[in-house]
Amino acid sequence: MMGDSVGYILSILFHVTSLVGFLVNLIIVAANFLKWKRNNSLQTCDKIISSLAISRVLFIFNIIIRNGLFQFFPRLLQTKIISLFLYSLTMFLYYTSHWFAAILCVFYCVKIVTYNYKLFVFLKTRISTMVPWIILNSLLISLISSLPFHWFGYDLKLQNSSNVSTENMTKNGHVIDYNFTNQFLVFVAGSFPPLLIFCFANFLLIHFLLIHTRRMSGVGSHNHSPNLKSHFCALKSMSLFLVLQIIFFICMSLFASGIFYHLKYSFYTFWIILCSSPLFHSLYIIYSSSELRKPFLLKCLGSIGCS
């Protein structure tokens, strides 16, 4: 009875978290779309944030669909084609979100950090024109990184259906045997480049902001207070971004490795964490932007009024 209650609570928490995360990122996309429609253009930062929000909307929507199939149409997940397609799609959307997060961090780093190195000077002058090309290439890299899951992530074994639970049986009498070793190796190979870029840019940015903030605090001039406040906000934002992205990566690593695959409540627990990390960061993006805060509050007030 207690176990059923825990499962029921986790199920409710998963559905609430995934739905809120879906709506929050959808609001970011809608707000930036209206901004683009009004001004006929978007700033480079808004383009990256919109791309990140779209990838998160699709990622969470994929999780919702996957969970719905698991709950109501489990036999569909027992077929090889659908199971491989959904897993590869999940990893493609994860890689896309991971790359867009890295691009956003690099953009912040290039715009805020001031070094006289030729690479930084080049990026500062060209980053705005390079972003669309980088986004398209990151989509291609994400697709290439997700394809190996279709080829190496599973092993099909012909077994007697009487000796195997129907959860892993296909229509052809085969068993979908998850090759977690291959899945983890492929996952790490695809995740390492964007994670390395993300962490390097983030640590560089946080280090610069810490030094610059201490230097400005030491001056003690009131003329620097607006800049000092903006640096503190940027420092908090990037630190939160780093922590949430690392949590996101660790959770996906555990999911791909299959360490907790056979635990009773691992399914809901992992998806709750996976939905929570992008949700919290997207909420912080809305909180730190007055242009996004207004449509978000209007949406919340409208939902309350309808209820």
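**A walk through a predicted helical chain**

From the N terminus on, the elements of this chain run α-α-α-α-β-β-α-α-α-α, and what you have in front of you is a predicted model. Counted up, the chain has 8 helices and 2 strands. Of its 307 residues, 45% count as buried. If we take the contacts between residues at least 6 apart in sequence, 75% of them join residues at least 24 apart.

Let me turn to the interior. The largest nonpolar core has 65 residues, and the members that touch the most other members are F59, M91, Y94, F187, F198 and M252. Seven helices each supply at least two residues of this core, namely α1 (2-39), α2 (44-72), α3 (80-112), α4 (118-152), α5, α6 (225-257) and α7 (266-287). Which helix gives the largest share? That is α3, from which 14 residues of the core come.

To look at one of those core residues in detail, take F198, and set aside its neighbours within four places in sequence: F198 is then in contact with A101, A102 and C105, and also with F241, L242 and Q245.

Staying with α3 for a moment, S97 has its place in that helix. Is S97 buried or exposed? Its relative accessibility is 4%, and S97 therefore counts as buried. Again leaving aside neighbours within four places in sequence, S97 is in contact with L52, S55 and R56, as well as with Q245 and F248.

Now for a pair of helices, α2 and α7, which pack at an angle of about 155 degrees, with their axes 11 Å apart. Because angles over 145 degrees count as roughly antiparallel, that is how α2 and α7 are placed with respect to each other. Their crossing, as α2 passes α7, is left-handed. On the α2 side the residues that meet α7 are I49, L52, R56, F59, I60, I63, R66, N67, F70 and Q71, while α7 brings F267, Y268, W271, L274, C275, P278, H281, S282 and I285. Sorted by character, the residues of this contact divide into 13 nonpolar, 4 polar and 2 charged. You may recognise F59 here, since F59 is also among the core residues that touch the most other members.

Next comes helix α5, which covers residues 180-219 and in which L185 is found. With a relative accessibility of 53%, L185 counts as exposed. L185 and A256 are 71 residues apart in sequence, and their C-alpha atoms are 8.8 Å apart in space. Further along, L205 also has its place in α5, but the relative accessible area of L205 is 0%, so L205 is buried. Not counting residues up to four places away in sequence, L205 touches Y108, C109, I112, V113 and M238. What separates the C-alpha atoms of L205 and K111, which are 94 residues apart along the chain? The distance between those two atoms is 9.8 Å.

K111 turns up once more when we move to helix α4, where K124 lies. Leaving aside its neighbours within four places in sequence, K124 is in contact with V110, K111, I112, V113 and T114. The C-alpha atoms of K124 and F107, 17 residues apart along the chain, are separated by 8.9 Å. As for its surroundings, K124 has a relative accessible area of 28% and is therefore partly exposed.

I would like to finish with a detail of the backbone, in the loop between α1 and α2, where N40 lies. Most residues other than glycine have a negative phi. The phi of N40, however, is near 60 degrees, a positive value in a residue other than glycine. Is N40 buried or exposed? At 62% relative accessibility, N40 counts as exposed.

Note on methods
Residues are numbered from 1 along each chain as its sequence is written. This is a predicted model: local features need pLDDT of at least 70, side-chain atom pairs count only at pLDDT 80 or more; totals for chains, interfaces and linings use all residues. Side-chain values use heavy atoms; hydrogens and water are left out. Helices (H or I, at least four residues) and strands (E, at least two) are DSSP runs, numbered from the N terminus. Buried means under 20% relative accessible area, exposed over 50%, partly exposed in between (1.4 Å probe, protein chains only). A nonpolar core is a set of buried Ala, Val, Leu, Ile, Met, Phe, Trp, Tyr and Cys residues joined through side-chain atoms within 4.5 Å. Contact means heavy atoms within 4.5 Å. Axes are lines fitted to C-alpha atoms, for helices over the stretch in contact, and angles run from 0 to 180 degrees between N-to-C directions. Angles under 35 degrees count as roughly parallel, over 145 as roughly antiparallel, 65 to 115 as roughly perpendicular and the rest as oblique. A crossing is left-handed if the near helix is turned anticlockwise from the far one by less than a right angle, and right-handed if clockwise. Ala, Val, Leu, Ile, Met, Phe, Trp, Tyr, Cys and Pro count as nonpolar, Asp, Glu, Lys and Arg as charged, and the others, Gly among them, as polar.
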